[in-house]
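Visitor: I am new to reading protein structures, and I would like a close look at a single part of this one. Could you take me through the open sheet and whatever lies beside it?

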Amino acid sequence: MRLPLIILMLCLFVCLPPLNVEAEEEPFTVSAEAAVLVETETGRVLWEKDAYSEKRIASITKIMTALVAIEEGDLDDSVEISSHAEGTEGSSLYLQTGEKVKLEDLLYGLMLRSGNDSAVAIAEHVGGSVDGFVYLMNEKANELGLENTVFANPHGLDDHENHYSSAYDMAMIMQAAMEREEFRTISGTKMHRAPNENEDWERVWRNKNRLLTERYEYATGGKTGYTDRAKRTLVTSAQKENMDLIAVTLNAPSDWDDHVRMFEYGFDTYQMHRLIDAGDLERGDDERYEGYEVRRSAMYPLTEEEYARVLPEVKWAGDEALPFAGHLQFQLDNRVISEQPVYREEIEKTTEDLSFWERLKDRFRQMME
């Protein structure tokens with residue numbers, strides 16, 4: 001009877017997990033309820049924590065307000081302040097009914113001092129009304145493909161239930177905003193002076209973004225936020241060498257520290273690797289690539305280990321009448337991370353700038369010759 005018992009004990013011993021096995025640890029922790037770190041050019045998510053859940057966002061709403069105002073308005077416009085704008089609760093620039101302020105200055109007050117009165121004044125001027133401007137904000141969200149974002153006001157106050165976003169969506173809004181030079185300049189300004197037509201002194205607005213003003217040497221911009229329901233929210237951007245990053249935290253008691261940790265992780269772990277330079281395709285002695293070129297270089301944020309696994313492949317179009325021969329794809333673990341058109345070298349470079357209908361007519365003309 002001893003042999004079966006011994007066998008049973010051996011089986012149990014073999015099946016027991018080793019005592020020193022530990023779960024894979026996160027590279028760092030954050031205080032935020034939701035957070036994301038994104039590389040700005042490609043939009044690649046480098047790290048995230050519950051990044052796609054819908055959350056209240058407070059004044060980081062104003063990033064979208066600024067983006068829509070820059071795209072739809074004229075920054076040289078003179079904006080007359082309404083009583084509705086003056087009476088907006090919360091953080092304020094203390095604008096006065098009837099005074100006129102340049103739209104560009106209102107955007108500085110919006111981003112640096114988080115003026116809710118400025119947000120309403122901008123919305124009324126650019127959108128015709130607050131509701132009209134909110135419509136433009138949601139249209140822009142749809143254009144960006146944001147799936148977890150709805151705006152109900154231009155400032156982020158908790159006066160509507162259906163006003164929310166996610167950490168990831170806010171990163172995408174910041175990415176789109178950073179494409180505009182005007183936004184980058186305003187967001188990255190530490191102090192701005194604006195004329196005050198009712199007084200003999202200028203308004204002076206200092207940026208509330210402490211990461212930019214004192215905490216992090218690589219910070220380039222961003223927006224702070226807080227309401228009783230949303231708690232502390234923060235979007236910031238940073239640049240080091242040739243890499244630009246965006247960090248977002250929602251409901252983060254220690255948001256400044258969170259953002260520094262996220263940026264340091266991104267800069268220490270990833271590099272912008274050049275996948276290909278603009279010019280001829282060079283793939284050894286492979287004759288398939290002779291006479292073909294790409295016209296833009298491609299870069300992507302990768303770890304050194306990931307970079308070693310990246311595989312290039314051309315997907316040929318198979319139509320000699322087209323100005324392009326196919327697409328050059330770069331894949332990482334069977335996932336396309338970068339793609340761009342491949343052209344025949346004999347095709348004039350202006351061809352790629354033709355509109356769809358011009359290219360269609362050009363192709364028809366070639367067929368008729």
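Guide: Here is a walk through the open sheet, the helix that lies across it and the pocket that they help to line. Keep in mind that this is a predicted model.

Let's start with the sheet itself. Five strands build it, and from one side to the other they come in the order E2-E1-E9-E8-E7. The sheet is open, and its pairing is antiparallel. At the edges you will find strand E2, residues 45-49, and strand E7, residues 219-227, each of which pairs on one side only. If you ignore direction, neighbouring strands of this sheet are turned by 5° against each other on average.

Now zoom in on the E2 edge. Strand E1 covers residues 34-39, and four bridges join E1 to E2, with the two running antiparallel. A good pair to pick out here is leucine 37, which stands opposite tryptophan 47 in E2. As you follow a strand along, a general rule may help: in a regular strand, side chains alternate between the two faces of the sheet.

Next, look for helix H10, made of residues 255-269. H10 lies across E1, E2, E7, strand E8 (231-240) and strand E9 (243-250). To judge its direction, compare H10 with E9: the helix runs at about 145° to that strand.

From here we can move on to the pocket. The largest pocket in the model has a volume of about 230 Å³. It is lined by 19 residues, and the closest to its centre are Ser59, Ser114, Lys208, Gly225 and Tyr226. Several elements you have already met take part, since E7, E8 and H10 each supply at least two residues of the lining. The edge strand E7 gives the most, with five residues. What kinds of residues make up this lining? By class, there are three nonpolar, 11 polar and five charged residues.

To retrace the route on your screen, begin at E2, one of the edge strands, and step through E1, E9 and E8 until you reach E7. Then find H10 lying across these strands, and finish at the pocket, where E7 contributes five lining residues.

Technical notes
Residues numbered from 1 in each chain as written. Predicted model: local features only at pLDDT ≥ 70, side-chain atom pairs only at ≥ 80, totals over all residues. Heavy atoms only, no water. Pairing = 2+ DSSP bridges. Axes fitted to C-alpha atoms, helices over the stretch in contact; angles between N-to-C directions. Contact = heavy atoms within 4.5 Å. 1 Å grid on protein atoms, 1.4 Å probe; cavity = no way out; pocket = protein on both sides within 12 Å on 5 of 7 lines; lining within 4 Å. Points joined across faces, edges and corners; volume = space filled by probe spheres on them. Nonpolar A, V, L, I, M, F, W, Y, C, P; charged D, E, K, R; others polar.
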